[in-house]
Amino acid sequence: MNRWIFIIISFFIITLILWNTSLLFDQLKENERAKMQLWASAQQELQEIQLSANSELSDVVLQVLTSNTTTPMILHTHKGDLYDVRNIKETKKDSIQLRAARKAMAEQFSQEYKPLEITFQEEVLTTIYYGNSPLIRSLKYYPAILILILLLCFAVMYFFYKTSKSSEQNKLWAGMAKETAHQIGTPLSSLVGWTEILKTENVDPDYIVEMEKDIDRLKTITERFSKVGSIPTLEKKDIVKETKEAYEYLKRRSSKLIQFSIDTPSKPLYVNLNEQLYGWVIENLVKNGIDAMKGKGDIHISISSNSKNAFISITDTGKGIPKSKHKHIFRPGYTTKKRGWGLGLSLAKRIVDEYHNGKIKVSKSAPGKGTTIEISLRLVQD
């Protein structure tokens with residue numbers, strides 16, 4: 001609601017500025033027209049005196065003729081077909097080019113103002129073409145500059161608003177992650193104690209082994225949440241090795257209806273990495289792909305590199321994503337599933353972008369043709 005109020009107020013202010021500027025511009029043009037009509041009257045009196053040669057030019061007329069030093073004008077004298085200029089700087093020196101330029105400028109001026117005519121005994125002696133003064137020409141750009149300044153101010157305000165909101169969301173995210181890690185930690189400690197007790201009882205050891213695997217899994221999840229809630233430590237790791245480990249883990253624990261494949265370089269590629277959070281990213285992307293395939297299809301992971309970056313691609317054969325939705329899928333809360341929080345991909349983006357200074361994007365996808373999501377991380381020297 002506040003956003004729409006802000007937009008309406010902004011639109012109202014811009015409209016008010018444009019309306020007032022338009023009124024000012026029209027008023028200045030009317031004043032310019034009145035000034036030129038007065039100047040044309042003085043010029044007509046001058047030409048009548050020159051033709052009749054029976055009176056002298058008054059000081060008032062002379063003052064009017066000499067006072068206008070800003071309005072650009074061209075006087076077309078019909079007798080002799082001559083073009084004379086006033087208050088115009090000319091660069092051309094050739095007489096033919098000069099005449100053509102003055103004639104073209106006169107036509108341009110006639111589009112701005114209706115030309116004024118000086119007559120004597122019902123005969124048109126001179127036509128005065130005139131244009132906007134430098135002040136009016138400058139004011140033409142005033143609304144655009146003012147609107148640009150206002151838009152910049154609004155953009156800065158919006159940026160600070162979004163930054164503030166994002167900061168609050170990050171604090172909330174970090175707090176929830178830490179609290180989740182804390183809440184899981186309490187029953188986890190209890191489970192560890194119970195497994196130690198069960199080892200002393202007559203219990204099938206295979207049951208205890210499976211319980212310990214689940215406890216280790218819960219420990220990993222707890223550590224992940226605790227790291228998301230704070231700035232994680234990055235270490236130099238082989239991205240090929242870490243990806244293979246995540247791949248093997250997911251392959252063992254996924255349905256037989258999912259066909260896994262992986263393509264990696266033979267040599268190690270080192271990046272600054274937190275292996276637990278990276279494993280979480282791969283897990284989220286693979287699970288998202290499995291959901292898109294409705295539990296049946298192919299998952300392919302590939303790793304490549306150039307001189308600066310390592311690229312990890314996860315491809316599924318699911319329903320695909322329309323191009324218009326490529327950026328939306330990483331937003332918190334965005335989901336196409338009936339049951340889901342829409343946090344998996346946004347969490348992956350946060351881990352890659354903010355914690356690892358990398359990039360994650362949909363590199364290829366189309367409805368019915370599957371999706372490829374690519375992670376890029378900067379390489380470090382061996």
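S133 sits in the loop that links strand 4 (123–130) to helix 4 (134–139) of this predicted model. With a relative accessibility of 5%, S133 falls under the 20% cut-off, so it counts as buried. Looking past its neighbours within four places in sequence, you will find S133 in contact with E32, T70 and P72.

Let's move on to another loop residue. I329 belongs to the loop between strand 9 (309–316) and helix 9 (344–355). Its relative accessible area is 6%, and therefore I329 is buried too. Although I329 and L345 are 16 residues apart along the chain, their C-alpha atoms are separated by 6.8 Å.

L345 brings us to helix 9. This helix has 12 residues, which at 1.5 Å a residue should span 16 Å; the C-alpha atoms at its ends are indeed 16 Å apart, so the expected and modelled spans agree. Its buried residues are L345, S346, L347, A348, R350, I351, V352 and Y355. Just after helix 9 comes N357, with a positive phi of about 55 degrees.

Now for the nonpolar cores. The largest one has 39 residues, and those with the most contacts inside it are I239, I282, L285, V286, I312 and I375. Helix 8 (residues 275–292) supplies the largest share of this core, with 8 residues. Take L285 as a place to look around: leaving out residues up to four places away in sequence, L285 touches I314, L345, A348, I360, I373 and I375. Two of these partners, L345 and A348, are among the buried residues of helix 9 that you have already met. There is also a second, separate core of 17 residues, including L28, A42, Y113 and I136.

Terms used: Residues are numbered from 1 along each chain as its sequence is written. This is a predicted model: local features need pLDDT of at least 70, side-chain atom pairs count only at pLDDT 80 or more; totals for chains, interfaces and linings use all residues. Side-chain values use heavy atoms; hydrogens and water are left out. Helices (H or I, at least four residues) and strands (E, at least two) are DSSP runs, numbered from the N terminus. Buried means under 20% relative accessible area, exposed over 50%, partly exposed in between (1.4 Å probe, protein chains only). The expected span of a helix is 1.5 Å times one less than its number of residues. Contact means heavy atoms within 4.5 Å. A nonpolar core is a set of buried Ala, Val, Leu, Ile, Met, Phe, Trp, Tyr and Cys residues joined through side-chain atoms within 4.5 Å.
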